[in-house]
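Me: I'm new to this structure and would like a close look at one part of it. Could you take me through it step by step, in plain words?

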Amino acid sequence: MNVRITTTHGDITLELNPEKAPITVENFISYAKSGHYDGTIFHRVIEDFMVQGGGLDQDMKDKATNASIQNEADNGLSNLDGTVAMARTADPHSASAQFFINTTDNAFLDFRSASEDGWGYCVFGKVVGGDDVVVKIEESATTSRNGYQDVPEELIVIEKVEVLES
């Protein structure tokens, strides 16, 4: 199952993995189909680490989300360069809408144990098109804004996320 993320920097195509992360993929697809991601931004960009978005509007305000989902990071998938994973707070089971694309191998984010420190971050897909767009986003100059660090100086808007028919 593929989705296209249309951004102000170009399109990114993700291949989702519902076999390994069924709850997470269903959650992401639900947000995409509801239009939740339309108009959100990539609000956290750290070179040689990841680009994160899907939760804040262009005024840096949190968008309302559904209930958090169960962390499926113990699915055998690793946070490798080009994979997409769910963002969360310190609570291992707090992921809702925000996601990130790894821009380098980040195995330290993988599941190690079912403990608060060991849960890791659930990988649920990978970039299969638009690698150049991810790099362009990653290389954006960043600043601090509204209490957030690593925010692109120029807004990088997620215009829409579409589920592509297989």
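Let's start with Phe28: is Phe28 buried or exposed? Please go on from there to whatever surrounds this residue.

Reply: Happy to! Please keep in mind that this is a predicted model.

Phe28 has a relative accessible area of 0%. Buried here means under 20%, so Phe28 counts as buried.

Now for the setting. Phe28 is among the residues with the most contacts inside the largest nonpolar core, along with Ile12, Leu14, Tyr37, Phe99 and Phe124. That core has 32 residues, and helix α1, residues 22-34, gives the most to it, with 5 residues. There is also a second, separate core of 7 residues, which includes Phe49, Met50, Ala87 and Phe100.

Next, the rings. The structure holds 9 aromatic pairs, and Phe28 takes part in a pair with Phe99. Their ring centres are 5.5 Å apart, with 85° between the planes, an edge-to-face arrangement. This pair links distant parts of the chain: Phe28 belongs to helix α1 and Phe99 to strand β6, 71 residues apart. Phe99 is buried too, at 0% relative accessibility.

Phe28 also pairs with Phe124. Here the centres lie 5.2 Å apart and the planes meet at 50°, so this pair is tilted. Again distant parts of the chain are linked, since Phe28 sits in helix α1 and Phe124 in strand β7, 96 residues apart. Phe124 has a relative accessible area of 0%, so Phe124 is buried.

If you step back a little, ring pairs link Phe28, Phe99 and Phe124 with Tyr31, Tyr37 and Phe42 into a cluster.

Let's follow Phe124 a bit further. Leaving aside its neighbours within four places in sequence, Phe124 is in contact with a list of residues that includes Phe28, Phe99, Thr24, Val25, Val84 and Met86. The strand that holds Phe124, β7, covers residues 123-129. In β7, 5 of the 7 residues are buried, so the strand is largely enclosed by the rest of the structure.

What does β7 pair with? Strand β2, residues 10-16, pairs with β7 in the antiparallel sense over 4 bridges. β5 and β7 pair in the antiparallel sense as well, over 3 bridges. One residue of β7 is worth finding on your screen: Lys126 is the bridge partner of Glu15, and Lys126 is also the bridge partner of Thr83.

One last stop brings us back to Phe28 from another direction. Ser96 lies in the loop between β5, residues 83-86, and β6, residues 99-102. Although Ser96 and Phe28 are 68 residues apart along the chain, their C-alpha atoms are separated by 8.5 Å. Ser96 has a relative accessible area of 15%, so this loop residue is buried. Neighbours within four places in sequence aside, Ser96 is in contact with Asn27, Tyr31, Thr65, Asn66, Met86 and Ala87. Two of these names have come up already: Tyr31 is in the ring cluster, and Ala87 is in the second core.

To retrace the route: you began at buried Phe28, crossed to Phe99 through an edge-to-face pair, and reached Phe124 through a tilted one.

Note on methods
Residues are numbered from 1 along each chain as its sequence is written. This is a predicted model: local features need pLDDT of at least 70, side-chain atom pairs count only at pLDDT 80 or more; totals for chains, interfaces and linings use all residues. Side-chain values use heavy atoms; hydrogens and water are left out. Helices (H or I, at least four residues) and strands (E, at least two) are DSSP runs, numbered from the N terminus. Buried means under 20% relative accessible area, exposed over 50%, partly exposed in between (1.4 Å probe, protein chains only). Contact means heavy atoms within 4.5 Å. Two strands pair if DSSP finds at least two bridges between them. A nonpolar core is a set of buried Ala, Val, Leu, Ile, Met, Phe, Trp, Tyr and Cys residues joined through side-chain atoms within 4.5 Å. Rings of Phe, Tyr and Trp (its six-membered ring) pair if their centres lie within 6.5 Å; planes under 30 degrees apart count as stacked, over 60 as edge-to-face and the rest as tilted.
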